[in-house]
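Got the viewer open? Here is a walk through the model, one selection at a time.

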Number of protein chains: 2
Amino acid sequence: MRTPTKTLTTAVSTLLLTAAATLSAQQPANVILIIGDGMDDHQITIARNYLVGSRGRLTLDQMPMRGVAQVLTVNESGQAVYVADSANSATSMATGEVTSRGRIATTAGSDQPIPTIIELAEAAGMKTGLVSTASVTDATPASFVAHINARFCENPEAMQDVEFSGIKIGDCTQHLAVNGGAGSISEQIARSNVDVVLGGGSKHFAVNSAGGSTSVSDLASANGYHVVTAAADMATAPADQKLLGLFSPGTMPVRLQGEGGREAEKPVPSWANHISRYIGSVTMPEPMICEPNPGFAGMPSMQSMTEIALARLRNDSGFFLMVESASIDKQSHERKPCGSIGELEQLNEVLDSALAFAESNPNTLIIVTADHGQAAQMIPEESLFAAFGAPVFTRGRLARIKTPEGTIMGVNYATNDFIMEEHTGVNIPVFSNQTGVGKIPTMITQPQIFELVREHLGL
Amino acid sequence: MRTPTKTLTTAVSTLLLTAAATLSAQQPANVILIIGDGMDDHQITIARNYLVGSRGRLTLDQMPMRGVAQVLTVNESGQAVYVADSANSATSMATGEVTSRGRIATTAGSDQPIPTIIELAEAAGMKTGLVSTASVTDATPASFVAHINARFCENPEAMQDVEFSGIKIGDCTQHLAVNGGAGSISEQIARSNVDVVLGGGSKHFAVNSAGGSTSVSDLASANGYHVVTAAADMATAPADQKLLGLFSPGTMPVRLQGEGGREAEKPVPSWANHISRYIGSVTMPEPMICEPNPGFAGMPSMQSMTEIALARLRNDSGFFLMVESASIDKQSHERKPCGSIGELEQLNEVLDSALAFAESNPNTLIIVTADHGQAAQMIPEESLFAAFGAPVFTRGRLARIKTPEGTIMGVNYATNDFIMEEHTGVNIPVFSNQTGVGKIPTMITQPQIFELVREHLGL
């Protein structure tokens with residue numbers, strides 16, 4: 001039984017906590033939503049092993065709230081689909097609605113626009129921002145600001161008879177301005193009121209806007225955007241204009257690459273092993289380290305883009321900022337584990353900055369999550385079945401990475417044998433800072449992220 | 001600011017909570033540690049999709065605490081190894097020490113026994129139990145009760161020149177009784193003081209004990225075990241004896257199987273596709289449902305074994321019970337997703353029983369976790385790259401499962417091309433009931449599970 005003194009102490013603590021909560025509630029409500037594209041637990045573990053060692057902890061790992069989200073996808077008829085893409089999963093988070101693969105904030109089947117969290121925040125007088133290491137027109141950022149039936153309609157020239165590698169993959173004809181639509185994704189961004197948009201994708205703004213003789217970039221300028229293309233120009237951009245930063249033609253170059261640009265490679269079995277899997281031998285890919293990618297030189301880091309965005313968004317009415325580390329996913333599609341590791345490192349640095357911001361802006365909710373799973377899987381460097389003496393190896397592609405702690409980490413890519421790996425259907429992690437503790441259940445659906453953000457912003 | 005009335009209410013609530021905590025602390029401390037072998041987030045998502053639908057929730061998903069554990073493994077020299085086996089990972093949980101693959105509660109390199117949580121609990125006068133759907137001599141249960149250098153030394157005839165499929169895979173000569181050792185795993189169990197041991201593995205008790213003319217089973221009887229081999233005999237076993245239940249020769253048959261016993265199969269590309277991956281076609285495995293495995297008939301369910309164990313272990317001094325769903329892992333090794341799904345369902349039922357027990361025995365800590373990741377990965381039923389028109393398919397083995405919600409779930413096994421899949425190195429989930437909330441950090445190392453259990457039991 002507690003003594004009366006202890007009871008009094010508890011009562012005083014309660015009063016102090018209440019006072020702190022009141023003080024926090026008086027601060028503007030901010031949300032920083034950090035999305036690691038393809039960042040499932042496997043990708044995090046691979047990056048952790050390389051960056052801080054198997055016993056180390058990323059900033060991510062030290063978040064006070066950790067749970068998972070169910071990734072929900074439907075087809076155009078509304079039936080369950082078990083593996084998402086970035087368009088439908090970002091739409092879940094941006095709008096609270098489950099849709100079909102490839103769709104940007106539009107409904108499955110009926111193709112209707114769905115209001116996004118950015119639109120709701122703007123309507124309430126809050127500031128908004130989007131930062132991505134992909135093109136800002138890519139599926140994840142696009143789903144927060146644009147509405148269109150197909151993610152590949154990124155610019156006015158990619159609206160009809162869209163081809164990819166010579167194959168016709170569809171169109172967005174019904175969303176053309178001449179058909180009463182809002183046009184391509186870059187045009188929708190150029191006409192938007194998002195206060196800060198930073199990332200890659202300048203090529204999608206260099207083409208002429210639909211039916212016009214000026215570029216989409218000019219359209220953005222006419223709509224009040226200060227457009228920059230060099231990292232150094234972000235900091236000096238006028239404070240009274242919206243900011244559009246486009247630092248590469250498409251996806252921004254990544255920080256790390258495999259030694260000499262290497263990616264995962266196929267083990268090569270001997271002739272005899274083709275006869276029986278019990279005999280012969282196999283030549284495994286040579287081990288490699290990760291090294292800086294020369295192409296990254298001159299690029300703003302994800303952290304620097306985020307810090308610029310935070311400085312510009314801070315205001316008395318609150319803000320919503322989405323930051324995407326896009327190439328955890330894109331490099332995994334290309335079987336480049338070092339690329340994914342470097343981009344997860346960038347995400348972790350962004351989180352450091354976000355946590356520092358929340359320290360001095362206490363009503364800031366930080367959520368870190370992924371959109372869907374990815375292909376890369378850690379498999380044993382020495383097979384569990386090595387004692388059999390037979391050559392045991394993957395029919396996929398393997399990277400044997402020499403880690404700083406001195407051993408080899410085997411990363412396997414084997415979802416298909418095509419030019420790019422597939423996504424996977426695993427549920428994905430959700431983290432939050434202290435502001436989310438007690439408010440975010442340990443398991444949510446991906447659309448609930450929209451609800452949690454809306455609730456925190458009071459929308 | 002709170003009103004004085006509210007402050008008083010808070011103070012009263014605090015007193016009531018304190019009273020509840022005091023009452024709970026007066027109850028004996030119990031721990032139920034449920035291990036899903038190979039049960040990473042991917043395996044859970046696959047089972048959830050099949051058992052309750054993509055939007056459904058397993059009991060597991062509704063646990064109030066959810067986090068992850070870093071799986072730590074070393075080689076004999078103490079260097080980091082990134083993919084564990086069930087022996088070293090169970091040793092982490094049973095002893096708090098990181099060891100090498102294949103070792104049962106012994107140190108890497110120096111081969112010294114490490115005290116297990118069961119030994120500590122017994123020394124403190126608590127009851128102890130082990131339930132597994134594997135042989136009770138298999139790596140996971142063994143690591144809680146035995147000490148030996150190699151997991152395959154499960155019985156007296158498997159101690160020297162041990163062969164598997166005709167290949168010599170090692171020995172445990174130094175642990176033979178004639179060399180001053182404790183003998184094989186089954187002998188160590190037979191000589192143990194574990195109150196309840198239930199699972200498979202009767203063949204390991206049928207052979208003669210080392211140097212003797214009686215079986216290991218007889219050795220167990222002589223040591224006070226009531227030995228049963230039929231499910232129905234569990235309930236009538238005398239309460240004043242230890243109970244050893246062995247319900248199958250080795251691993252217990254699983255509950256579910258693929259339609260007609262099918263497992264994942266290789267997609268078969270056409271002749272033309274061998275020339276170029278952009279041309280030709282592919283024949284995918286036919287979809288299948290999961291169906292009851294006829295071999296499961298007559299087996300006790302994991303839940304019934306657990307309920308028998310709980311009834312026998314409940315006492316005024318507290319207990320430690322480990323329950324393993326072994327074949328989530330074993331069926332994934334064999335590329336049998338339906339098998340894994342059924343065994344995850346069994347684990348979920350065990351959890352229902354454990355939660356009901358904790359309801360009436362409030363000082364019971366339930367921890368549910370895995371030991372390591374497994375191979376099965378959900379990949380898209382329709383490739384993300386279907387628009388290319390080329391045949392996109394895995395070079396591994398694929399099961400296309402017709403789920404009760406009416407669509408197809410693709411489960412890919414592609415860690416190797418050998419007779420069994422490999423484990424994976426992903427960090428693994430950790431769940432607890434309310435008793436663990438606030439005590440278990442959102443990220444722990446696997447050896448910390450030992451510490452958490454020890455702390456709860458006051459050892």
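## First stop: a buried pair in chain B

Select B:Glu349 and B:Arg255: their side chains form a salt bridge, with 2.8 Å from N to O. Keep in mind as you go that this is a predicted model. The two partners come from distant parts of the chain, 94 residues apart. B:Glu349 sits in helix α12 (residues 337–360) of chain B, while B:Arg255 belongs to the loop between β10 (242–246) and β11 (256–258) of chain B. Turn on a surface for the protein and you'll find both B:Glu349 and B:Arg255 buried.

While salt bridges are on the menu, hop over to chain A and pick A:Asp41, A:Arg48, A:Asp61 and A:Arg66. These four belong to one network, joined by salt bridges that share partners.

## A tie inside chain A

Next, select A:Lys330 and A:Asp138. Here you have a salt bridge between side chains, 2.8 Å from N to O. Which parts of chain A does this pair tie together? A:Lys330 is in helix α11 (residues 327–333) and A:Asp138 is in the loop between β5 (127–135) and α5 (139–142), so the link spans parts that are 192 residues apart in sequence. Both ends are out of sight again: A:Lys330 is buried, and A:Asp138 is too. For the overall tally, the count over all chains is 38 salt bridges.

## Zoom out: two copies

Now show both chains as cartoons and color them separately. A rotation of 180°, with 0.0 Å of shift along its axis, puts chain A on chain B with an RMSD of 0.0 Å. The two copies are thus related as by a two-fold rotation axis.

Do the copies meet through the same surface or through different ones? Of the interface residues of chain A, 100% are also interface residues in chain B, so the surface is the same on both copies.

## Along the interface

Select whatever in chain A touches chain B. You should get 85 residues of chain A, in contact with 85 residues of chain B. The chains bury about 7400 Å² between them, and 59% of that is on carbon and sulfur atoms. To see where chain A loses the most area to chain B, show A:Tyr82, A:Phe388 and A:Phe418 as sticks; together they make up 11% of what that side buries.

Polar links are there as well: 45 residue pairs are in polar contact across the interface of chain A and chain B, with both residues at pLDDT 80 or more. Several elements of chain A give two or more residues to this side, among them α1 (4–26), α2 (41–51), β2 (65–70) and β19 (408–413). Highlight α1(A) in particular, since with 6 residues this helix gives the most to the side of chain A that touches chain B. Color that side by residue type and it divides into 37 nonpolar, 30 polar and 18 charged.

## Salt bridges between the chains

Between chain A and chain B the count is 4 salt bridges. Pick B:Glu382 and A:Arg101 to find one of them, at 3.5 Å from N to O. Then swap the chain letters: the side chains of B:Arg101 and A:Glu382 also meet in a salt bridge, at 3.5 Å from N to O. B:Arg101 is in the loop between α3 (86–95) and α4 (117–123) of chain B, and A:Glu382 is in the loop between β17 and β18 (397–402) of chain A, so this pair joins two chains. How exposed are the two ends? B:Arg101 is partly exposed, at 23% relative accessible area, whereas A:Glu382 counts as exposed, at 51% relative accessibility.

## Around B:Thr73

From B:Arg101, step across to B:Thr73, which lists B:Arg101 among the residues it touches. B:Thr73 is in strand β3 (residues 73–74) of chain B and is buried, with a relative accessible area of 4%. Its side chain makes a polar contact of 2.9 Å with that of B:Asn88. Other residues that B:Thr73 touches include B:Gln79, B:Val81, B:Val98 and B:Thr99.

## Last stop: two backbone oddities

Finish with two residues that have positive phi values. A:Arg335 is not a glycine, yet its phi is about 60°. Look for A:Arg335 in the loop between α11 and α12 (337–360) of chain A, where it counts as buried at 4% relative accessibility. Then go to B:Asp161, another residue other than glycine, with a positive phi near 45°. B:Asp161 is in the loop between α5 (139–142) and β6 (162–164) of chain B.

Key
Residues numbered from 1 in each chain as written. Chains lettered and ligands numbered in written order. Predicted model: local features only at pLDDT ≥ 70, side-chain atom pairs only at ≥ 80, totals over all residues. Heavy atoms only, no water. Least-squares fit on C-alpha atoms with pLDDT ≥ 70 in both. Contact = heavy atoms within 4.5 Å. Buried area = accessible area lost by both parts, 1.4 Å probe. Polar contact = N/O pair within 3.5 Å; in protein donor to acceptor, adjacent residues only side chain to side chain. Helix = DSSP H or I, 4+ residues; strand = E, 2+ residues; numbered from the N terminus. Nonpolar A, V, L, I, M, F, W, Y, C, P; charged D, E, K, R; others polar. Buried < 20%, exposed > 50% of the residue type's maximum accessible area, 1.4 Å probe, protein only. Lists of a residue's contacts leave out its neighbours within four places in sequence.
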